[in-house]
Amino acid sequence: MCYSFLFASSSSFVNFAEEITKNVKKHVIYPDNFETKIRFDKVRELLKKQCLSALGRDLVDELKFSESFKRVSRRVNETNEFKTICLEEENFPLGHFIDVRSSLEKIRIEGTYLELEELFNLKRSLESISAILRFFKNKEEGSYPHLMKLTGNVKMYPYIFERINAILTKHGRMKDNASPELLQIRSSLTQKQATISRRMQALLRAAQKDGWVDQDVSLSVRDGRTVIPVASAYKRKIKGIVHDESATGKTSYIEPAEIVETNNEIRELEYAERREMIKVLREFTEQVRPYIDDLFLAYAFLAQIDFIRAKAKFALQVNGLLPQMRETPTVLWENAVHPLLYLTLQAEGRKVVPLNIEINDKQRIVLISGPNAGGKSVCLQTMGLLQYMFQCGLLVPMGEKSKMGIFDNIFIDIGDEQSMENDLSTYSSHLMNMKHFLKYSNAETLIMIDEFGTGTEPALGGAIAESILDKLNRKQVRGVITTHYTGLKHYASEAEGVENGAMLYDSHKMQPLFQLHVGKPGSSFAFEIARKIGLPEEILKSATDKIGGDHINFDKHLRDIVRDKRYWETKREKIRVNEKKLAQLVESYEHDLKETSSLRKEIISKAQEEARQLLNQANKSIEKTIREIKESKAEKEKTRLVRKAFEEQKEALTQSDLQEEERINKKIQKLKDRENKAKKFRGETSPQESRSEKVVPQKKKQFDPSVIEKGDSVKLDSQRTIGEVIEVNDKTAVVAFGSLLTSVSLNRLTKLSKTQAKKENTTYNQTSALVQERISKRKLSFRRDIDVRGMRAEEALQIVMDHLDEAIMLDISEFRILHGTGHGILRKLIRDYLKTVQLVRSCTDEKIQMGGSGITVVHLE
C-alpha cells in the first residue's frame with residue numbers, strides 16, 4: 001500500500017505559532033489569578049483528559065482569551081464542526097496520536113539517528129496525519145469549512161512513507177531486507193542458531209541419559225548464551241564454561257566447550273546485526289533530516305486536531321453549543337448553565353437551575369440582591385466562566401436562541417484577597433481592585449463584583465460603593481454586581497443603565513430557589529433566616545428596635561412584592577395553559593363537526609355511485625349469459641348448464657350476502673330520508689314527489705296472462721331476467737332485456753303483472769348488486785398475464801378460453817398470453833381461436849423489448 005501525507009505550509013505554521021504565543025494585551029484579564037477565581041483551571045484539567053496525546057495537552061496549556069471577533073469565531077466554529085464529526089462520523093481516524101517532537105528535535109544534530117521504537121512511532125503518527133487529511137479531502141466541499149481550512153496550502157511527500165515502509169514491518173520490527181547486508185547477517189544467524197539448537201538438544205539428552213541432568217530439565221540462557229542446567233555434583237562431567245549457579249548452589253549452568261566457538265560466532269553476528277541496523281537508521285535519518293521543519297508542521301496540525309477534538313468532546317460532556325455571535329458587547333442568555341456545577345450535580349442525580357440574563361445598551365449593569373446562599377455568587381461565576389470559555393474558543397451550555405457578544409476586557413472581584421506580604425486587608429484589596437476597574441474599564445469591559453461595598457463600616461462602605469457604581473455606569477461599563485446594601489438598590493432603581501435583580505427565595509419553605517429575576521430588588525431575609533436557625537426571639541426584637549421599623553418594613557415590602565409577583569405569575573401561567581387547552585378543544589370540536597358533515601356527503605355520494613356501477617355490471621353479466629345461449633345455437637344441454645350455473649351463482653350470492661346488502665341499503669335509505677327531511681325543512685321537494693304530483697290517474701286494465709302485448713313485462717322461460725316487449729309478431733316477440741334486443745318465441749315468455757315485475761326487479765337488483773360485489777373482488781385478483789409455455793395445445797387452449805371468459809365477465813380491456821416463440825404452433829392455435837370470439841377486438845405481438853412474438857396481447861371490446 002502506498003502512503004502519502006500532507007504538511008502545512010511554513011507560513012500557516014508561523015501564523016499559528018504567533019497566535020498561540022501572542023502576548024496577551026495588558027489589562028485584558030484582571031486579576032492575575034482570574035482563571036482560578038472563576039475555576040477555569042478545572043476546565044483545563046477536563047480538557048486535558050479528553051486529549052489523546054501530549055500534543056493536544058500542550059495546546060490546552062497554551063489556551064488564551066481573545067478579544068478578536070474573527071479569531072473567536074474561527075475557534076468556536078472549528079469546535080462546533082468537530083462536535084458534528086463526533087456525533088455523525090464514525091470513521092474519523094483516531095489511531096495513533098503520538099508526540100515524536102523530542103525525537104525530531106534530537107536528530108537535528110548531525111550524527112544522531114532515530115531509534116527503532118522512535119521510527120515506529122514516527123511511522124504510526126504520520127499514518128494518522130495522512131488518514132485525517134484524506135478524511136477531509138474525501139468530504140464534499142463546504143462540509144467542514146473551518147476544519148478543512150487547516151489543511152490548506154499543503155504538499156505531498158510520499159518518499160518518506162516509502163522509505164519507512166521499506167525499513168519497518170507493520171509491527172515495528174526492522175525488515176530482513178532493509179539492506180542486503182542485514183539480510184545476509186540474519187540468514188547466517190538463523191543457520192547458526194539452528195545448528196546450536198540441534199547440538200544442544202543432543203547434549204542435553206545424553207546428559208539426561210547419564211543421569212547428570214534431571215529428565216524434566218530444559219535448556220536455558222545466561223548472558224545471551226545457551227547453557228545446560230547441571231547438578232553441581234556432576235558439573236565436572238561436562239567440559240565447558242560455567243556461566244552461572246542457582247541461588248542454592250545446587251545447579252550449575254554450563255556452556256559445553258564444543259559449542260563455545262559457535263556461540264561466539266552467533267554473538268559476533270548479533271553485534272554485526274546491531275551495527276547494520278544502526279547503519280540503516282542513520283541513513284534514513286540523514287535522508288529525513290532536511291524535512292524536520294516540515295515534520296514539525298505536520299505535528300502542529302495533529303496537535304490542533306487533538307486540541308479541537310478535546311474541546312468538542314468537552315462540549316458534548318456539558319451540552320455545550322454555539323450561540324448566535326455578536327461583535328458588540330452583548331449578553332442575551334437563555335437557560336445558561338455552569339458547566340462544572342452541571343457535572344457535579346449530574347453525578348448526584350440532581351439538576352442545575354439555569355440562568356437567564358440580558359445585558360445591552362439600556363441594561364448595562366445588573367445589581368443582584370437576595371439572601372445568602374441564594375445563588376448570587378454562582379450567578380456571578382457562571383457569567384464570568386461562560387464568557388471566558390467562549391472567548392477562549394469553547395462551546396458553552398445554554399439555549400440555542402442565546403446571543404453572545406465579544407468583550408475586550410473581563411475584570412472580576414470575588415473572594416477574599418487579603419495579603420499579609422503586601423499588608424493588605426480584605427477591604428484594602430477590594431479597593432485596589434476598584435481602582436483598577438475605574439482606571440482601565442470602558443464600554444467593552446465586562447465587570448463582575450461580588451458583595452459590593454462589604455468589608456468596612458456599612459454606611460461608609462455603602463457610600464463609596466454607590467459612588468464607584470455611578471462612575472462605572474457613566475463609563476458605559478457592562479457587568480453583574482451582587483450586594484446587600486439598600487442604598488445601592490435605591491440607586492439602581494433610579495439610575496439609567498442599571499437594573500435591579502433578585503435571587504428568588506421561598507419564604508414559606510425558607511429555602512432559596514436559585515432563580516434570577518431582573519426588574520426588582522431582592523430581600524436578604526436576614527431576620528427570617530436567623531429565626532429559622534433558632535436565634536432567640538428577644539435578640540431579634542432587640543435588633544428590630546435598634547435598626548428601626550422603616551428599614552424592616554422596606555425589607556418586608558420587598559418580600560411581599562416578590563411573593564405576590566410569584567403568585568400572580570403562577571396564576572397567569574395556569575390561565576395561559578387553560579386557555580390554550582380550551583382553544584385546542586374548540587378547534588378539535590369544529591374539526592370533528594366539519595369531518596362528520598363531509599363524511600355524510602361522501603357516504604351518500606359513494607353509495608349512489610356504487611349502486612350505478614353495480615347495476616351496469618349486472619346488466620353486462622346478463623347480456624353475457626344471453627350471448628352464450630345464442631352462441632350455443634340454443635343447444636338444450638349447453639343452455640341448461642349456463643342457466644344452471646347462473647342460478648347457482650345467484651343463489652349463493654343471495655344466501656351469503658343478502659343480510660349485508662340489506663344493512664347497506666337500509667343505511668343508504670336512512671341517509672336519503674335525512675336528506676329529504678332537510679329539503680322539506682328548506683321548502684324543497686324531491687324529484688319523485690314532483691313526478692308523482694304530475695301523474696294523471698288512468699283507468700286500470702284487467703290483467704290477462706295469456707295475451708302478450710307491446711309494453712308488457714315478461715320473463716324468459718324460468719329465468720328471473722325481466723324484459724319489456726317491444727314488438728309482437730305471429731309466433732315471436734322482440735324483447736328488450738336491458739340494452740339487449742332479442743327475438744324470442746312467444747311460448748317461452750311468461751307475462752308478469754306490474755306487481756310481479758316490480759317484485760322480481762327488486763330481487764334481481766339485490767342479486768345484481770351482490771353479483772357485482774363478487775365481480776369487483778374477482779376483478780382485483782384477476783391476473784393480467786397467463787403463462788402457457790411448455791403445455792400441450794389442448795391444455796393451453798383450455799386455459800386461454802377460461803381466462804378469456806373471466807376477462808369478458810369482469811370487463812377487462814386487455815391481458816397478455818405468454819406462449820413463447822418455438823415453432824409458432826401454439827401461437828397460431830391460440831390466435832386462430834381468439835379470432836373466432838366476437839368480443840376480441842384484436843390480438844397483437846408484444847413490443848420487441850417486452851418479449852415480441854413470444855407474447856400475444858389480447859384487446860377486448
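## Exercises on a predicted model

Two bridges join strand S9 to strand S12 (residues 403–404), and this pair runs antiparallel. Keep in mind that the model is predicted.

**Exercise 1. Find the residue in S12 that is the bridge partner of Leu-332, then work out which strands stand at the edges of the sheet.**

Step 1. Start with Leu-332: its bridge partner in S12 is Lys-403.

Step 2. Now look at S9 (residues 331–336) and S10 (residues 355–359), which pair in the antiparallel sense over four bridges. Here Ala-336 has Leu-355 of S10 as its bridge partner.

Step 3. Put the strands in order: the open sheet of four strands reads S8-S12-S9-S10, and its pairing is mixed.

Step 4. Strand S8 (324–325) and S10 each have a single partner strand, so they stand at the edges, with one side of each left without a neighbour in the sheet.

Step 5. Add the helix: H14 packs on this sheet and touches S8, S9, S10 and S12. The direction of H14 makes about 110° with that of S9.

**Exercise 2. Decide whether the rings of Phe-65 and Tyr-388 are stacked or edge-to-face, and do the same for Phe-136 and Tyr-144.**

Step 1. The structure holds eleven aromatic pairs. For Phe-65 and Tyr-388, the ring centres are 5.5 Å apart and the planes stand at 10°, so this pair is stacked; the cut-off for stacking is under 30 degrees.

Step 2. Check where the two sit. Phe-65 lies in the loop between helix H4 (54–62) and helix H5 (69–88), while Tyr-388 is in helix H14 (residues 376–391), so the pair ties together parts 323 residues apart in sequence. Both Phe-65 and Tyr-388 are buried.

Step 3. Phe-136 and Tyr-144 have ring centres 6.5 Å apart and planes at 80°, so this pair is edge-to-face. Phe-136 and Tyr-144 are buried too.

Step 4. Widen the view: ring pairs link Phe-82, Phe-92, Phe-135, Phe-136 and Tyr-144 into a cluster.

**Exercise 3. Test whether the end-to-end distance of helix H15 (residues 426–440) agrees with the span it should have, and list what its buried residues pack against.**

Step 1. H15 has 15 residues, and at 1.5 Å a residue it should span 21 Å.

Step 2. Its end C-alpha atoms are 22 Å apart, which agrees.

Step 3. Pick out the buried residues of H15: Tyr-427, Ser-429, His-430, Asn-433, Met-434, His-436 and Phe-437.

Step 4. These buried residues pack against strand S2 (29–30), strand S13 (409–413), strand S14 (445–449) and helix H16 (458–474).

Methods:
Residues are numbered from 1 along each chain as its sequence is written. This is a predicted model: local features need pLDDT of at least 70, side-chain atom pairs count only at pLDDT 80 or more; totals for chains, interfaces and linings use all residues. Side-chain values use heavy atoms; hydrogens and water are left out. The expected span of a helix is 1.5 Å times one less than its number of residues. Buried means under 20% relative accessible area, exposed over 50%, partly exposed in between (1.4 Å probe, protein chains only). Contact means heavy atoms within 4.5 Å. Two strands pair if DSSP finds at least two bridges between them. Rings of Phe, Tyr and Trp (its six-membered ring) pair if their centres lie within 6.5 Å; planes under 30 degrees apart count as stacked, over 60 as edge-to-face and the rest as tilted. Axes are lines fitted to C-alpha atoms, for helices over the stretch in contact, and angles run from 0 to 180 degrees between N-to-C directions.
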